Amino acid sequence: MEQDLRKRVWVIIGTFIFLIMVYVIQLFYLQIMNDDYQRYAESNAFLNKILHPSRGLIYDRNGKLLVFNQPAYDVMIIMKEVQEFDTLEFCSILGISKKQFDKRIADIKNRRLNPGYSSVVPQLFMNQLTTREYGILQEKLYKFPGFYIQNRTLRQYTYPNGAHVLGSIGEVSRKDIENDSYYTMGDYSGRSGVEKSYEPILRGEKGKEILLRDARGRIKGRYNDGESDVTPVSGKNLTLSIDMELQAYGEALMKNKLGSIVMIDPATGEILCLVSSPTFDPAIMVGRERGKSHALLQKDPLKPLFDRPLMAAYPPGSTFKTAQGLVFQQEEAITAQSSFPCYNGYPPLGGRPACHSHGSPLALSGAIATSCNSYFCYGLRAMLENRKYSSIQESFDVWKDHMVAMGFGYKLGVDLPGEKRGLIPNSKFYNKIYGEKGWRAHTIISIAIGQGEILTTPIQICNLAAGIANQGYFITPHVVKAIQDSTIAPQYREKRYTGIDPSHYKPIVEGMAAAVTGGTCWGAYMPDIAVCGKTGTAQNPHGKDHSIFMGFAPKEQPRVAIAVYVENAGFGATYAVPIGRLMLEKYLRGDIPESSKWIEENMMNAVVLPYGFK
């Protein structure tokens, strides 16, 4: 019995110790770990009002204001302070239904949708009120305890152009809030374009205003005479490399067409225009209608949200022959004087692929000017089967490494979101398909002329033109020219060398110049501006081939490189060349001369859409 008594005593003591520990842990959590009680106490005496900074402005390279701010107003709610009020009158002022009101209240209280919810912390009820809505609500706000209005800004656009470059802002997601403590529910951040890629620079730093309350919750003034307030810091302004007048002209030329125009200053890597067609007015992605506009754009079968210059991957076609000529020379598979026969195609394959009518045999410059398919098939074979390599795998990977150094196969690193890498295969790619002993130069000969498995983006092709213009290097393309009180990232100022000897560029440049004066690019000829160009016709398994033009001008001391893609438009000379010519004239002359007005009219009025679209 004595032992049982002792056991009972220890059980009772253990139970008391356990209960005390539970109370201690709970008190520790409530007083140290959980700040709800502190916030409840503070909320009775103070109202912490977040002051949102003005977002940075955006200008074009010529100082034209592109994106600015205008006042907007958010309706905020503190749940603990809400008392009975006429919800129907409140809904009527805001233009919402009672059902929408109830849903919004439920969403605010839902901790899964609104992490960190607290009844004493201001929550966003409705965003972006118009000035009229704000005026009506402000007059009757005293009737709705627990609600107050917070000042915001909305983005506004001076021009209806450059939507993909400028981008848009939208409400942050739960993931955004988890990843960055700067954001709270109802905040906005860049969702696309430079608004997204330069978000930390554009957004600025939030401020805070601490207001005193009386026992009834009424605002009585600023705490500590405002000494504890934090002033918001405005976001930094951006100056883009884009010429908005040139951008608008390019969008007009590409109306009723699918494709893109990219123009780069070779000396700096600055992107002068980045046209994606079809496009849209960036102003429709502002305000409470943003979600509806975005949904409509997503449903459009022509995909206006798809940023073609950065995301569309096409076979580069004959524009790729310029890169091939450089690699073949560097690896001593050919010289500038090497010539090969052409009997309307590549004789070892029975005349395939078909070629243009021209003289034969040709040296390298002539092959570029006439876009000879046979020449580059011979060149690829000479390189891949050269005995200085131990295997075709080794020679092919050398070829691939040269192409990567020229900016293909991987992202260039453009300062815009969404860039795609394209495809430059390596030897393992073909080993997997054919086996290590199952392929040779003839197996993959179509890549010699930019077909087969090769995929490039329009900006990569324009960058190729910039590298040829510079005769051996390029600077990573970028759209931001300057940042207020700061400098652009070093990667947008440094030269990236291709590893090709500068002397090998001369026959390529001469061939591109000859292509304009009397070859496949004759439509880009201008008597007073020496243009160097190369056409391309990219095979399209879904319809008519894509029309491509790549080039730079002037030949001496180049000021601009260009790539034009018009989908489903056939030969490069049909649409891409005349559009390229007009864009070069617009940039280099400042206006279109009378002698080119008929070309402008034809291109402006042309409709080139896939079958079944109007």
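**Burial, cores and ring pairs in the predicted model**

Ser-318 is buried, its relative accessible area being 11%. The description here and below refers to a predicted model. Ser-318 sits in the loop that runs between α12 (308-311) and α13 (321-330). Its side chain makes a polar contact with the side chain of Ser-371, at 3.1 Å. With neighbours within four places in sequence set aside, the residues in contact with Ser-318 are Ser-371, Asn-373, Ile-449, Lys-534, Thr-535, Gly-536 and Thr-537. Ser-371 thus appears both as the polar partner and in the contact list of Ser-318.

A second loop residue, Gln-451, was examined in the same way. Gln-451 is found in the loop between α17 (427-434) and α18. At a relative accessibility of 7%, Gln-451 counts as buried, because the limit for that class is under 20%. Outside the four places on either side in sequence, Gln-451 is in contact with Pro-315, Gly-317, Ser-446, Thr-537, Ala-538 and Gln-539. Thr-537 is therefore a contact of Gln-451 and is also listed among the contacts of Ser-318.

For the chain as a whole, 21 helices and 18 strands were assigned. The protein chain has 614 residues, of which 52% count as buried. Its exposed area is about 29,100 Å², and carbon and sulfur atoms supply 53% of that area. Of the contacts between residues at least 6 apart in sequence, 71% join residues at least 24 apart.

In soluble globular proteins, nonpolar side chains tend to be buried together. In the present model, the largest nonpolar core has 91 residues. The residues with the most contacts inside this core are Leu-240, Trp-399, Met-403, Phe-408, Ile-468 and Val-480. Helix α18, which spans residues 458-470, gives the most to the core, contributing eight residues. A second core, separate from the largest one, consists of 37 residues and includes Leu-246, Val-564, Ile-592 and Val-608.

The surroundings of Leu-240 draw on several parts of the sequence. Not counting residues up to four places away, Leu-240 touches Ile-58, Tyr-59, Asp-60, Arg-61, Leu-66, Val-165, Leu-166, Val-194, Val-479, Val-480 and Lys-481. One of these, Val-480, is itself listed with Leu-240 among the residues with the most contacts inside the largest core.

The count of aromatic pairs comes to 25. Phe-125 and Phe-147 form an edge-to-face pair, with 5.7 Å from centre to centre and 90° between the planes. This pair links distant parts of the chain, Phe-125 lying in strand β4 (residues 123-129) and Phe-147 in strand β5 (residues 147-157), 22 residues apart. Phe-125 is buried at 5% relative accessibility, and Phe-147 is buried with a relative accessible area of 6%.

Tyr-473 and Tyr-497 form a tilted aromatic pair, at 5.8 Å centre to centre and with 55° between the planes. Tyr-473 belongs to strand β13 (residues 473-475) and Tyr-497 to strand β15 (residues 495-497), so the pair ties together parts that are 24 residues apart in sequence. The two partners fall into separate accessibility classes: Tyr-473 is buried, with a relative accessible area of 16%, whereas Tyr-497 is exposed, with 58%.

Ring pairs also link Phe-320, Phe-396, Trp-399, Phe-408, Phe-429, Tyr-430, Tyr-434 and Trp-439 into a cluster. Two members of this cluster, Trp-399 and Phe-408, also appear among the residues with the most contacts inside the largest nonpolar core.

The disulfide count comes to zero. Cys-521 is in no disulfide, and the nearest cysteine sulfur, that of Cys-532, is 9.9 Å away. Because a disulfide requires sulfur atoms within 2.5 Å, the distance of 9.9 Å leaves Cys-521 unpaired. Cys-521 counts as buried at 0% relative accessibility, and Cys-91 is likewise buried, at 3%.

Ile-136, in helix α5 (residues 131-140), is partly exposed, with a relative accessible area of 30%. Ile-136 and Leu-94 are 42 residues apart along the chain, and their C-alpha atoms are separated by 9.0 Å.

Definitions and conventions
Residues are numbered from 1 along each chain as its sequence is written. This is a predicted model: local features need pLDDT of at least 70, side-chain atom pairs count only at pLDDT 80 or more; totals for chains, interfaces and linings use all residues. Side-chain values use heavy atoms; hydrogens and water are left out. Buried means under 20% relative accessible area, exposed over 50%, partly exposed in between (1.4 Å probe, protein chains only). Helices (H or I, at least four residues) and strands (E, at least two) are DSSP runs, numbered from the N terminus. Contact means heavy atoms within 4.5 Å. Accessible areas come from the Shrake-Rupley method with a 1.4 Å probe; for residues, only the protein chains shown count as cover. A nonpolar core is a set of buried Ala, Val, Leu, Ile, Met, Phe, Trp, Tyr and Cys residues joined through side-chain atoms within 4.5 Å. A polar contact is a pair of N or O atoms within 3.5 Å; within protein, one must be able to donate a hydrogen and the other to accept it, and residues adjacent in sequence count only if both atoms are side-chain atoms. Rings of Phe, Tyr and Trp (its six-membered ring) pair if their centres lie within 6.5 Å; planes under 30 degrees apart count as stacked, over 60 as edge-to-face and the rest as tilted.
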